[in-house]
Amino acid sequence: MFNQEEKRIIDQLKNLNQIQPDFDYLESFGRVLKTKVNLEKSFAPQPKFVWFKFIKTGLAAVFSFIFIFGLSWGMVLAIQQVSPGTIFYPVKLAGEKLQLEISKNDPKSRAELRIKFANNRLTEIKILEENNALDEEKLKQALEGYNSEINAIQQELLQIVDYENGETLDYLLALESKLEEINSSLQGLASEVKQYQSFIQANDLSKFIQEVASLKILDYEIQNQVFGQDEKKLQRLVEFLSRLKNKQEALALQFSQNLSLELETQSVEISDSGELNVSPAPGQEQEFYQQLLEIKAGLDKISSQFSSVDSDENLLKLLQALNNYEVQLAKIEQLLLR
């Protein structure tokens with residue numbers, strides 16, 4: 001049977017049929033795609049010898065710093081507290097690049113490092129706030145660094161394919177929790193920070209990567225037919241179902257608009273035998289629109305079935321059905337983009 005929290009989530013599911021498409025979410029997703037494209041342009045892979053030279057230079061700077069000033073390793077760790085605009089900030093970034101290079105064959109470790117470094121960027125912003133040294137340029141530098149780390153987590157997640165390893169699910173659940181924590185830290189920044197476009201991009205991207213981690217967990221659960229031992233399995237399904245409904249509604253609206261334009265250019269004549277002749281003949285738009293209506297009916301049916309599910313086995317069946325609808329929607333979306 002379900003506990004009180006799970007019953008609350010099921011009540012949300014019952015109300016999904018009345019929820020209108022969240023176009024703010026879709027607009028946010030559009031901003032995420034634009035941000036990711038810009039990030040990939042800005043942080044395009046460099047030849048290995050360039051990265052090696054960069055890391056080598058960074059290490060040389062670190063050791064030169066120790067040699068000249070005679071600092072202990074404990075003091076070197078204090079470099080982690082430096083912020084954008086200071087002389088040792090490039091040294092700090094070089095150290096982070098080195099850690100990533102050492103873990104280049106371990107996507108799990110790299111993903112955790114990315115989260116750690118993204119959190120470093122938020123800490124830097126807070127330090128600047130406390131010292132009244134925050135300006136638009138430093139904030140932009142820190143948030144762009146945050147975005148590049150968060151964006152890279154998606155690539156690390158895609159490389160995690162050892163789904164037969166039971167530890168992978170525990171790792172993904174822990175990673176999801178860390179992403180929630182860092183997003184909470186992002187929301188805790190000062191109100192004046194949230195007015196900048198860089199913050200809006202960071203906020204959208206953080207939510208997107210959280211969804212990616214959630215979908216990775218769902219993917220694991222589908223393939224292994226087992227749920228993680230946490231309290232969020234129903235919440236993840238609710239969010240998954242809600243996203244599919246948003247996508248279905250948005251695609252249906254687009255196809256509806258296309259059909260309206262198509263009908264405006266069509267003429268209808270009655271033949272001698274009484275049959276309707278439409279010129280030009282209706283294209284595939286109507287067929288796909290009908291498929292979208294069928295998908296909507298299927299999603300609505302799943303919404304109503306959650307309240308009667310009494311076992312993980314039946315819940316997994318609903319999850320598999322949602323996954324099938326996601327595949328169908330992805331195919332229709334590709335056709336729309338042609």
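This passage walks through the packing and helices of the structure shown above. The structure is a predicted model, in which local features need pLDDT of at least 70, side-chain atom pairs count only at pLDDT 80 or more, and totals for chains, interfaces and linings use all residues. Residues are numbered from 1 along each chain as its sequence is written, and side-chain values use heavy atoms, with hydrogens and water left out.

A good place to start is the largest nonpolar core, which has 33 residues. Such a core is a set of buried Ala, Val, Leu, Ile, Met, Phe, Trp, Tyr and Cys residues joined through side-chain atoms within 4.5 Å; buried means under 20% relative accessible area (1.4 Å probe, protein chains only). Ile 125, Tyr 146, Leu 157 and Leu 186 have the most contacts inside this core. At least two of its residues come from each of α6 (107-130), α7 (136-158), α8 (166-187) and α9 (197-224), helices being DSSP runs (H or I, at least four residues) numbered from the N terminus. The most is given by α9, with nine residues. Apart from this core lies another, of 26 residues, including Ile 222 and Leu 318.

Contacts (heavy atoms within 4.5 Å) fill in the picture. Beyond its neighbours within four places in sequence, Leu 157 meets Leu 172, Leu 175, Val 212, Ala 213 and Lys 216. Ser 214, in helix α9, is buried, with a relative accessible area of 2%. Not counting residues up to four places away in sequence, Ser 214 touches Glu 176, Arg 236 and Arg 243.

Just after α6, Asn 132 takes a positive phi of about 55 degrees.

Methods
Buried means under 20% relative accessible area, exposed over 50%, partly exposed in between (1.4 Å probe, protein chains only).
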